[in-house]
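Student: I'm new to this one and I'd like a close look at a single part. Could you take me through the sheet and what surrounds it?

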Amino acid sequence: MDETVTLSDAAARRIAAIVASEADKSALRISVEGGGCSGFSYKFELDKGPQDDDVVITKDGATLLIDSMSIAYMTGSEIDFVDNLLGQSFQIKNPNAVASCGCGTSFSV
């Protein structure tokens, strides 16, 4: 499957650093779930490895996993990591989202 989601250099560095500090984890998993203030929300969690239906995206030693249901909502997205005065966070620039919430993890399509 073509990579439909991209990782920024900053996101790849942060994922690699986080996973390196967890002995039994090898990847960051992002999934889309129903709920949140705009209808859908992103869930971030560390994982041991891919499942059969996962899209696996790798960059600079970082591995990102997205399940086949979630990828439909995330096609064309860029995952970035931002570190500024407001704090540190992963941000998803999703061209499919028609609305989003101030929390940064909730969106609607």
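Tutor: Let's start with a term: two strands count as paired if DSSP finds at least two bridges between them. Strand 1 and strand 6 are joined by 2 bridges, and these two strands run parallel. Keep in mind that we're looking at a predicted model.

One of the contacts is easy to find: Thr-6 has Glu-78 as its bridge partner in strand 6. Now widen the view a little. The sheet is an open one made of 3 strands in the order 1-6-7, with mixed pairing. Strand 1 (6-7) and strand 7 stand at the edges with a single partner strand each, so each has one side without a neighbour in the sheet. Helix 1 lies across strand 1, strand 6 and strand 7, and runs at about 80° to strand 6.

Where does this sit in the whole chain? The chain holds 2 helices and 9 strands, and from the N terminus on they come in the order β-α-β-β-β-β-α-β-β-β-β.

Back to Glu-78, as its side chain has a job to show us too. Glu-78 and Lys-93 meet through their side chains in a salt bridge, at 3.9 Å from N to O. That pair ties together distant parts of the chain, with Glu-78 in strand 6 and Lys-93 in strand 7, 15 residues apart. Lys-93 also meets Asp-80 in a salt bridge, this time at 3.5 Å, N to O. Here too distant parts of the chain are linked: Asp-80 belongs to strand 6 and Lys-93 to strand 7, 13 residues apart.

How covered are these three? Asp-80 counts as buried because its relative accessibility is 14%, and the cut-off for buried is under 20%. Glu-78, at 27%, counts as partly exposed, and Lys-93, at 44%, is also partly exposed.

By the same rule, the salt bridge count comes to 6. Another of them joins Glu-33 to Lys-43, with the closest N and O atoms 3.8 Å apart. Glu-33 is in strand 2 and Lys-43 in strand 3 (residues 40-47), so to speak distant parts of the chain, 10 residues apart. There is also a network of salt bridges linking Arg-29, Asp-47 and Asp-54.

Now for the nonpolar side of the picture. The largest nonpolar core has 21 residues, and those with the most contacts inside it are Val-5, Ile-30, Leu-64, Met-74 and Ile-79. Strand 6 (78-84) and strand 7 (87-93) are among the elements that each supply at least two residues of this core, and so is helix 1 (9-20). Helix 1 gives the largest share, 4 residues. To see the core from one spot, pick Leu-64: leaving out residues up to four places away in sequence, Leu-64 touches Val-5, Leu-7, Leu-28, Ile-30, Val-55, Val-56, Ile-57 and Ile-79. In soluble globular proteins, nonpolar side chains tend to be buried together.

Finally, step back to the chain: 38% of its 109 residues count as buried.

Definitions and conventions
Residues are numbered from 1 along each chain as its sequence is written. This is a predicted model: local features need pLDDT of at least 70, side-chain atom pairs count only at pLDDT 80 or more; totals for chains, interfaces and linings use all residues. Side-chain values use heavy atoms; hydrogens and water are left out. A nonpolar core is a set of buried Ala, Val, Leu, Ile, Met, Phe, Trp, Tyr and Cys residues joined through side-chain atoms within 4.5 Å. Buried means under 20% relative accessible area, exposed over 50%, partly exposed in between (1.4 Å probe, protein chains only). Contact means heavy atoms within 4.5 Å. A salt bridge is a side-chain nitrogen of Lys or Arg within 4 Å of a carboxyl oxygen of Asp or Glu. Axes are lines fitted to C-alpha atoms, for helices over the stretch in contact, and angles run from 0 to 180 degrees between N-to-C directions.
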